[in-house]
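User: I am new to this structure. Please take a close look at the places where side chains pair by charge, and set them against the chain as a whole.

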Amino acid sequence: MNIALFGYGKMGKMIAQIAQSRKHTIGLKVDVGTNEINLDTIDVAIDFSTPDAAYTNISNCLNSGIPVISGTTGWLANYDKAVALCKEKEGAFIYASNFSLGVNLFFELNERLAKMMANLDAYRVVMEEIHHTQKIDAPSGTAITLAESIVANSSYDGWKLSETETGKIPIHSKRIGKVPGTHAITYNSGVDSIEIKHTAHNREGFALGAVIAAEWILGKKGVFSMKDVLNLG
């Protein structure tokens, strides 16, 4: 397939490398300063751009009949508009805060554990995420997805960065060296602790998942998630 890449930073370059290793071509690279965008020969678009550019990129692709995979965070105030446009145009769209196959399995484990712990009042949950020092947003989009899943399946009513507040899940964000991404969820009681943890060894898993999602979405119509890609029901 012929792929348009929106955003050609570290992640975009890794996606290009993995896509080419899987016999795909990169027909378009759009980054800051790109003036000409021609989608005529493009089969699918992968967006890892910036919060300011993401919705424009997604809407341009949907208006052109191009399926879109988006991993950009920080633009979700416009997510519902993207979903509505996708349905209007009978297009195809996937957004994920994290495309790593392992992380998406971790999302499922997190949801299952939250349901199991929901009625065990002796346990209090705390989250920690660690990323490289170049990551600006905190907490990470992945951490927010994990926290929101716990909230949806428990008596917690939200999350709070760094602080412990009644009814809120505390998320501790650390920025250390070149850490690709670590997320840990711990349930603590007076007698023991239960922890699940995902540790990324490099960024390759994120890029591979995005390419696999792009392969999967070809020929489909609708708004999907990585649950659909991985057939997690």
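Analyst: **The whole chain, then its charged pairs**

The accessible surface of the protein chain comes to about 11,800 Å². Carbon and sulfur atoms account for 50% of that surface. Areas here come from the Shrake-Rupley method with a 1.4 Å probe, and for residues only the protein chains shown count as cover. The model is predicted, so local features need pLDDT of at least 70 and side-chain atom pairs count only at pLDDT 80 or more, while totals for chains, interfaces and linings use all residues. Residues are numbered from 1 along each chain as its sequence is written, and side-chain values use heavy atoms, with hydrogens and water left out.

Start with the fold. The protein chain has seven helices and 11 strands. Its radius of gyration is 19 Å, close to the 17 Å that the globule rule gives for 233 residues, so the chain is as compact as a globular protein of that length. That radius is taken over C-alpha atoms, and the rule is 2.2 Å times the number of residues to the power 0.38. Helices (H or I, at least four residues) and strands (E, at least two) are DSSP runs, numbered from the N terminus. Along the principal axes, the C-alpha atoms fill a box of roughly 60 × 40 × 30 Å.

Of the 233 residues, 47% count as buried. Buried means under 20% relative accessible area, exposed means over 50%, and partly exposed lies in between (1.4 Å probe, protein chains only). Among contacts with a separation of 6 or more, 65% join residues 24 or more positions apart. A contact means heavy atoms within 4.5 Å.

Now the charges. Side chains of opposite charge can pair when their charged atoms come close. The structure holds nine salt bridges. A salt bridge is a side-chain nitrogen of Lys or Arg within 4 Å of a carboxyl oxygen of Asp or Glu.

One of them joins Lys174 to Glu128, with the closest N and O atoms 2.9 Å apart. Lys174 sits in strand β8 (residues 168–175) and Glu128 in strand β6 (residues 124–131), so the pair ties together parts that are 46 residues apart in sequence. Lys174 is partly exposed at 37% relative accessibility. Glu128 is partly exposed too, at 28%.

Glu129 pairs with Arg175, and here the closest N and O atoms are 2.9 Å apart. This pair also links distant parts of the chain: Glu129 is in strand β6, Arg175 is in strand β8, and their positions lie 46 residues apart. Glu129 is buried, at 0% relative accessible area. Arg175 is partly exposed, at 24%.

Strand β8 takes part again through Lys168. Asp157 forms a salt bridge with Lys168, the closest N and O atoms being 3.3 Å apart. Asp157 lies in the loop between α5 (141–152) and β7 (158–161), Lys168 lies in strand β8, and the two are 11 residues apart. Asp157 is exposed at 53% relative accessible area, whereas Lys168 is partly exposed at 22%.

Salt bridges also form a network. Glu108, Glu111, Lys115 and Lys227 are linked in it.

What about Lys221? This residue lies in the loop between α6 (204–217) and β11 (222–224). Lys221 is exposed, at 61% relative accessibility. Its side chain reaches the backbone oxygen of Glu90 at 3.4 Å. That is a polar contact: a pair of N or O atoms within 3.5 Å, where within protein one must be able to donate a hydrogen and the other to accept it, and residues adjacent in sequence count only if both atoms are side-chain atoms. Not counting residues up to four places away in sequence, Lys221 touches Glu90, Gly91 and Ala92. The C-alpha atoms of Lys221 and Ser189 are 46 Å apart, though the two residues are separated by 32 positions along the chain.

Ser100 makes a contrast in burial. Ser100 is buried, with 6% relative accessible area. It is found in the loop between β5 (92–95) and α4 (101–117). A polar atom of the Ser100 side chain lies 3.3 Å from the backbone nitrogen of Gly102. Leaving out residues up to four places away, Ser100 touches His198, Gly205 and Phe206.

Last, the sulfurs. The count of disulfides is zero, a disulfide being a pair of cysteine sulfur atoms within 2.5 Å. The sulfur of Cys61 is 11 Å from the closest cysteine sulfur, in Cys86, which is too far for a bond. Cys61 is buried at 1% relative accessibility, and Cys86 is buried with a relative accessible area of 1%.
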